[in-house]
Every structure is written in structure tokens, then in C-alpha cells.
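Open the model in your viewer and set the cartoon view. Keep the side chains ready to switch on. The tour goes one selection at a time.

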Amino acid sequence: MASHGFWGLGAPENAGDNTSNQSPTTPRAWCQAAAQKLPGGIGSKLCALLSVAGEGEKPSEPTSAKLDETTVGTCGCNKPCNCLKATEATVGFSDLYSTDLLPALDGDMKTMTFLQEVVDILLAYITESFDRETKVIDFHYPNELLQRNNWELQDDPETLDDILISCRATLKYAIKTAHPRYFNQLSTGLDMVGLAADWLTSTANTNMFTYEVAPVFVLLEYVTLKKMREIIGWEDGRGDGIFSPGGAISNMYAMLLARFKMFPEVKEKGMSSVPRLAAFTSEHSHFSIKKGAAALGIGTESVICIKADESGKMIPADLERKILEAKQKGFVPFFVSATAGTTVYGAFDPLIAISDICKKYQVWFHVDGAWGGSLIMSRTHRWKLDGVERANSVTWNPHKMMAVPLQCSALLVREEGLMQNCNQMHACYLFQQDKHYDLSYDTGDKALQCGRHVDIFKLWLMWRAKGTIGFEAQIDKCLELSEYLYNKIKDREGYEMVFNGKPQHTNVCFWYLPPGVRYLEDKEEKKKRLHKVAPVIKARMMEYGTTMVSYQPQGDKVNFFRMVISNPAATFEDIDFLIEEIERLGQDL
């Protein structure tokens, strides 16, 4: 069943058109309340916008027609004033430039009016993103999109009117990642509290390297990282950690620390001072493990891939065998990365067995939980990470299953002080030792970066708003939706699962076999044609703009759909729609 716009989510079906006796829960009454409470006319504009979007809802007659002429063009004060609502009617942007905004003299009202217009654009986009009747994407090919708008940079400044046009155009062609039918990436959805936090941090516009310039944010990072370490299972939340620009960087940090722990001299003397190292990871692991080895000078050939079973889990016996082989060849095993939630299959490696092997051969044990680490927040699903408390380091990306706005990735480290010793450079112009507060809160010297974005506030504020229980419910719902999809297609005609058994995470991997492929007897021809099915259906999805879901090959398996669910807005209805859309778009193949 299709959605009926914003009001279809909460308005009673028998509300009718009679608005004379409105309860506080009816749409128009809600709008009127918002208009009174929200500053700068935001409520009024949002009310008008949503009323048009509502099912059969018509904006009421403008009240200005009933007002005395003295009130027209003012905020309703019945006298001349300088409030924002009155200014909006008089300020035009076609003759204004960025130099007219703050810190320009008398630029405060112009700035407020301009930003109000930007907020209106954002609010309209947000509302549209959650409406199932809108497209996920207004797709155009690159050359066409380049030609439709003038994206080139000029020597002369453009007016603020042109700037607002650019803002609208950018969002017009943007992918609506908050749309309930966007399933393309591991990070989807848009949380309103997280969005508010992002706006706040951009307004504060500070840097995370010292307490003196980011006192509250530094403390919130300290508190949140400690809480995350407690949830992992490290005693009293002890250890260290940092928020980095993504899971790939967090994994590289872990490899960097493992190398420094075993060979601290590498920091000053470089790779020539250490023997040939070997790192180990599953053949289904994320490409960032090899990328980190390349960046650190260890080399991709020194990353040894361990076999995975049919469901994508690392095989511990093969790990131990390959560690012994590496030692016999003169390599020094220093790092094992187990994956909690592989990118394609969503598999969870057997962490307890892997940790036993790492302990036996004195190798750093890292858990890449970028995708699946958040399941530790769920009492129903945290068993899949049993053994994570034994890890030396853990990557955990709240911007995935916890739906924190991008980017938000944490590296958590068991040993306190190791990050500081590994990365500090004692820059005296930034990390002075005679400051008047506790220098342990100057966290910048333990990071590879100097400038570091404030990623913590989004997670912290959402955690305050939802509580741990709220995150748990959100995660459990996504797992429930994936199980619903699996149960619906596992025995459905035209579908074939990529591997047997219920998915461990929200990844549901399957082939859709159109009628033209379904009954082919020639296996090679069938495989060849099936390889082309998912790309064609995906292209049609994007051209129609109805939904987006990822596909890829894996090993000797031809292209299949990898459906992942991390969007809190998704429902069972959206899963049904996806199945119907795949069949509609692929029926002629």
C-alpha cells in the first residue's frame, strides 16, 4: 500500500474537512501550534508546506485578507517593527552578496533572513525524503547533469539569490538517503536529533585537538568512548580510543598500533628496522585492511587472506595453519583482523576461537565491527560478538546500524596510553606542557590528524535522546525486517539464496531469476545471463527513481542482490514494495 504523504502517518482517517473543532492532534492544529512556537516564521512555512503535501489537505484562506491594512506586510504587531517576519517581505536576495552578511555592519537581519531561506529549503527536502510518493533519486547521466546547471566556479561573486538556487539544485539531484526505500549502502536514514547535532557542531566550527578550543566536545568524547568500552566488556571502561574519519582509518589505526606495540623502534627508524611482517584477515574482510597495509609500508602482499566457510565466517583452523606457514617463511605475524559483520554476507567471524589463536602466537587481535559492532547494543543479538571483550582493539561505526549522521567511526583500544606513545610528536605550539588544566584532555597528539572534526556530538546527543534501549529497539527492528525479507523470498519462485541459512545480520543476498532465465538448462548460459540481471534491474530502479539496492559478485558467484537494512524509517511495506519492484523491472529479462 502506498503512503499518503506526511499526514497519512498520524492523522485520523475520519478527520474529514471540518476544522472548526480541532483537537491538538489534527494536522492543522499542530501546524498552528508550531507556527506560534517556532521562531522566525519557520512554523508557518512548514505548516503551509505540509498542508499541501497532506492528503486532500488545502491551505486555509490567508488570514491577512481579514486583517486591517496596517498589519499587511508586518509580523502582526499592528505597528512598524524590525522582526524577522517583517524583514522577509522586504529583503530581496537578487541585489545582495555574501559580503552583505555577518560580519558586515548591519548584516544581522540580512543574515537571519538568508539563513531562514536555507532552513526552508532543508525542511522541504527533509519532508520530501520521508514521503514514499517521492523519488529516491532524480537520475541523470553525468554529462547530462553537467549540462543542466552551471556548476563552474567564476572569478566574480554571485548574488545570494543565485546561491539559494544552487542550494535547491544540489538537493534536487541528491540521493535521498533518508528515503524509506533507499537500501543501497550500509549507512542510511536521517535522524532528526542527529541532524540537529550536526547543525550545532557546524555552527560551533571548532577543532577536537585540545580542551582549550573544544572543552565540552572533548569531555563528551571521553565520556562516550568510556561507555562504549564498558559495553564491549573491558573492566570499568578502561582503555583508550578516538573518533576517526571512517572505519577504514580506524582499521589502519589498529594496524599502526599493533606494529608499534611489537616494534616501537619503527616510529623513528621506519620499516627498515623491523623484519618482514604478516597480517591476517578473512577473504571476506573489508578492503581497508589491505589499504592500511599499503599506506603503512607493510605491503598488500603481506596481508594473508584466510578461507571463509559457505556463510562467510573465517575458518580458525586455516588461520592457525597460515600463521605457522608465515613463520616458517621468515615472516613475523603481528596482526589479525576478525570481522564482526562482513560487508557482503554480513558474517560474524568466530571471535573466541580466533582470540585463542592470537593469544597462543602473541599476535594483536583486532575486531573490525564497523558494520556489525552495533549489534552489541542489542540483548537479542549481542551473542554474535561473543569474544569481542578479548580484543586488543575494536572498530565500531555508529553511522551505520545506529543511524548516526555521517561520519561517526570509533576505534577503541584496550591498552591505555598506547595511542599517545605511538602517535605523539610533542608540537609545542599546540600541546604546551604548562597549561593551567589537566593535559590528558588534549587528545590531538594521539591522533594521526591535526585538525579533527567534531563527530562525537551527533552520537552523544542521539544517545541522550534515545537511551541505550532506544538504539536496541532500532537495531532489533532492522534485523526483524531482514528476517521478514529472507522468509518471504527463500521459497518464492524466481528467487535463489546465495548461501543457505538465515542471515546473521541484515544482509540478505539473493539472485532474482527472471522468467527468461529461470528455465534455461544450459548451466553456463544461465550463469552468463544471470550475471547481467542485477545490473539491469538496478539501472532501471535508478532511472525510475523508485528504490535502490546494491549488487555485486563474490568469488565465483555471479552478480547477486545484497539487500541491507539500516534505515529506521523502513517498514514491512517497503520490503514488500522492493520484491514487487524487482519482479516488475525484471519480468522481461
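**First stop: a β-α-β unit**

Select β5, helix α13 (residues 351–361) and β6: together they form a right-handed β-α-β unit. Bear in mind that this is a predicted model.

**Strand β6 and its neighbours**

Now select residues 364–369, which are strand β6. Six of the six residues are buried, so the strand is largely enclosed by the rest of the structure. Switch on the side chains. In a regular strand, side chains alternate between the two faces of the sheet. On one side of β6, look for Trp-364, His-366 and Asp-368. On the other side are Phe-365, Val-367 and Gly-369. Both faces are covered, and these residues are all buried.

Which strands pair with β6? Add strand β5, residues 332–339. β5 and β6 run parallel and share five bridges. Next add strand β7, residues 393–396. β7 also pairs with β6 in the parallel sense, over four bridges.

Centre on Val-367. In β5–β6 pairing, Val-367 is the bridge partner of Ala-338. Towards β7, Val-367 stands opposite Val-394.

**Helix α13: two faces**

Go back to α13 and colour Leu-351, Ile-354, Ser-355, Ile-357, Cys-358 and Tyr-361: these are buried. They span an arc of only 160 degrees around the axis, so they lie on the same side of α13. What lies over these buried residues? The cover includes α12, β5 and β6.

Rotate to the face turned away from the buried side. There you find the exposed residues Lys-359 and Lys-360.

Step just past the end of α13 to Gln-362. Its phi is positive, about 55 degrees.

**Last stop: Glu-320 on α12**

Select helix α12, residues 316–328, and pick out Glu-320 within it. Is Glu-320 buried or partly exposed? Its relative accessibility is 22%, and buried means under 20%, so Glu-320 counts as partly exposed.

Show what surrounds Glu-320. Leaving out residues up to four places away in sequence, Glu-320 touches Ile-357, Lys-360 and Tyr-361. Two of the names come from the buried set of α13, Ile-357 and Tyr-361, while Lys-360 belongs to the exposed face.

Finish with a distance: draw a line from the C-alpha of Glu-320 to the C-alpha of Ile-354. The two residues are 34 apart in sequence and 8.8 Å apart in space.

Technical notes
Residues are numbered from 1 along each chain as its sequence is written. This is a predicted model: local features need pLDDT of at least 70, side-chain atom pairs count only at pLDDT 80 or more; totals for chains, interfaces and linings use all residues. Side-chain values use heavy atoms; hydrogens and water are left out. Buried means under 20% relative accessible area, exposed over 50%, partly exposed in between (1.4 Å probe, protein chains only). Two strands pair if DSSP finds at least two bridges between them. A crossover is right-handed if, with the strands pointing away from the viewer, the path from the first strand over the helix to the second runs clockwise. Contact means heavy atoms within 4.5 Å. The arc is that of the directions from the helix axis to the C-beta atoms.
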